[in-house]
Amino acid sequence: MDKFRITGGRALAGRVTISGAKNSALPCMAAAILTGETVTLHNVPYVRDCLTQRRLLEDLGATVLVPDLRTHKITAANVELFEAPYELVKTMRASVLALGPLIARFGKAKVSLPGGCAIGTRPIDLHLEALKLLGAQVHLEAGYVVARAPKGGRLVGAGIEFPKVTVTGTENLLMAATLARGTTRLMGAAREPEIADLAELLNRMGARVRGAGSETITVEGVEALGGAEHTIIPDRIETGTFIVAAAITGGELEIKDCCPQHLGSVVARLREAGVEIEEVNPTTLHARRSPEGLRASDVTTQPYPDFPTDMQAQYMALMTQARGRSRVTETIFENRFMHASEMQRMGARIQVEGHNTAVVEGPSELSGARVQASDLRASACLVLAGLAARGETLIDRVYHIDRGYEKIEAKLRSVGAEIERVRESVTAQLPPVETVTA
Ligand code: EPZ
């Protein structure tokens with residue numbers, strides 16, 4: 001498995017460009033299942049999860065042409081398989097996003113239950129309960145969800161109240177409702193920017209979605225959807241990660257092709273912690289540590305627009321360099337502190353209380369060590385800690401970071417970081433994307 005070798009202590013300086021949002025590209029790719037016409041997506045990030053989603057679409061029978069690295073032309077005209085297999089879903093739970101589109105367009109779907117992952121059990125019970133409200137018959141069979149549309153083959157619009165905010169649950173139901181008979185109201189819907197991005201694509205395909213981005217989304221079902229062209233929004237979590245990279249190394253970065261207003265409360269919390277963030281223009285931020293230095297400041301993760309769980313690990317790394325005591329509270333997932341123990345090995349003073357609060361004392365001098373990544377955002381946190389540490393850090397299992405960050409080591413090297421990928425074996429590398437012209 002590939003590793004990253006980082007020699008820390010260098011202040012980053014220069015310009016980085018943000019890639020498309022993985023967590024928007026994944027549902028938008030799944031949305032292409034809703035039509036037999038071609039859906040063209042631009043600004044798809046070159047990350048492992050998008051390669052996995054592409055493979056799922058091709059396994060279902062769709063064709064995916066990639067005229068250039070970040071453009072995907074998806075045509076689900078000849079779908080003859082309606083199943084997302086265990087082998088695929090266990091590597092990427094976002095494959096469950098095939099469930100809503102498959103049952104909406106074909107009236108049937110068989111999707112493996114995702115099982116747990118490093119950060120928590122992550123069930124999909126809310127997806128399934130909501131699909132039943134649209135008339136789907138759903139039962140579990142040998143670890144698979146088997147779903148069927150009601151007699152007549154079409155889902156029926158209904159009012160759905162999510163008892164808990166679920167991002168992919170909202171996305172699955174949003175896609176399913178576009179082809180249901182009648183109107184669906186999703187209440188308690190997730191408000192992440194990726195939901196509004198998906199809704200924009202769906203409306204371009206002929207759907208009638210209103211209110212995406214708010215907690216109540218109304219969908220008027222239509223008979224069929226058509227092809228469309230859409231550009232994926234920038235990745236707000238990658239943006240936040242690079243802001244932290246500037247601050248934690250005492251450098252300064254110009255961050256281009258981002259979308260500051262999607263950052264929700266991240267900018268406000270980082271400013272409180274002593275990070276200077278300036279909006280240069282609607283797609284560019286400038287970030288650096290303030291001359292007064294970093295200050296300990298508490299955060300609690302919550303659904304959008306509050307502080308995102310996907311920035312929690314990166315923020316914790318920053319707090320190891322801040323003066324004072326900060327409390328980081330994780331309310332979304334039950335086991336998302338594995339990066340804390342790895343950073344302790346680098347000299348960070350972090351005390352985990354219970355399973356959802358970490359207390360960080362700073363600033364602490366981090367020293368390079370051999371550490372192991374456990375999940376996507378924990379990997380990013382260890383890279384950030386390695387950039388700030390004295391000496392050399394070796395991070396194992398960087399395939400986790402390849403899932404959601406496009407060429408992160410190249411981007412970091414371009415702004416002065418001393419980071420290299422140590423290839424353990426050819427198989428671990430991302431497969432070359434065969435760019436098949438249309
Ligand atoms: C999405 O995961 C993101 N993934 C995650 O990003 C992100 O951390 C998460 O939302 C929260 O923002 C994608 O968009 C592909 P949830 P998702 O359903 O949809 C519980 C990353 O790093 N829940 O909003 O799977 C669940 O266990 C990834 O890019 C149920 O109990 O998250 C969790 O505690 C990691 N039953 C909470 O709700 C359900 O049916 C929020 O989960 C669904 C969820």
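**A lined cavity, a four-stranded sheet and two domains**

Three helices, H8 (236-249), H12 (376-388) and H14 (408-413), each contribute at least two residues to the lining of the second largest cavity. The model examined here is a predicted one. It holds two cavities of 30 Å³ or more, and the second largest cavity has a volume of about 40 Å³. Its lining is made up of Thr241, Phe242, Ala245, Ala380, Val383, Leu384, Ile408 and Leu412. Sorted by class, seven of these residues are nonpolar and one is polar, while charged residues are absent from the lining. As general background, rolling a probe the size of a water molecule over the atoms shows where empty space is left.

Helix H12 also leads on to the sheet. This helix lies across strand E1 (3-7) as well as E22, E23 and E24, and runs at about 25 degrees to E1. The four strands form an open sheet in the order E22-E23-E1-E24, with mixed pairing. At its edges stand strand E22 (370-372) and strand E24 (418-422), each of which pairs on one side only. On average, neighbouring strands of this sheet are turned by 20 degrees against each other, direction ignored.

It is pleasant to walk through the sheet pair by pair. In general, strands of a sheet pair through backbone hydrogen bonds, either parallel or antiparallel. Beginning at the E22 edge, E22 and strand E23 (residues 392-396) pair in the parallel sense over three bridges; here Gln372 stands opposite Asp396 in E23. The next pairing, between E23 and E1, is antiparallel and has four bridges, with Thr7 placed opposite Glu392 of E23. Finally, E1 and E24 run antiparallel and are joined by five bridges. In this last pairing, Arg5 has Glu420 of E24 as its bridge partner. E1 thus has antiparallel pairings with E23 and with E24, whereas the E22 and E23 pairing is parallel.

At the level of the whole protein, the chain is divided into two domains: domain 1 covers 3-19 + 234-428, and domain 2 covers 22-231. Taken over C-alpha atoms, the centres of domain 1 and domain 2 are separated by 30 Å. Domain 1 brings 26 residues to the contact, and domain 2 brings 22 residues.

Methods: Residues numbered from 1 in each chain as written. Predicted model: local features only at pLDDT ≥ 70, side-chain atom pairs only at ≥ 80, totals over all residues. Heavy atoms only, no water. 1 Å grid on protein atoms, 1.4 Å probe; cavity = no way out; pocket = protein on both sides within 12 Å on 5 of 7 lines; lining within 4 Å. Points joined across faces, edges and corners; volume = space filled by probe spheres on them. Nonpolar A, V, L, I, M, F, W, Y, C, P; charged D, E, K, R; others polar. Pairing = 2+ DSSP bridges. Axes fitted to C-alpha atoms, helices over the stretch in contact; angles between N-to-C directions. Contact = heavy atoms within 4.5 Å. Domains from an automatic or database assignment.
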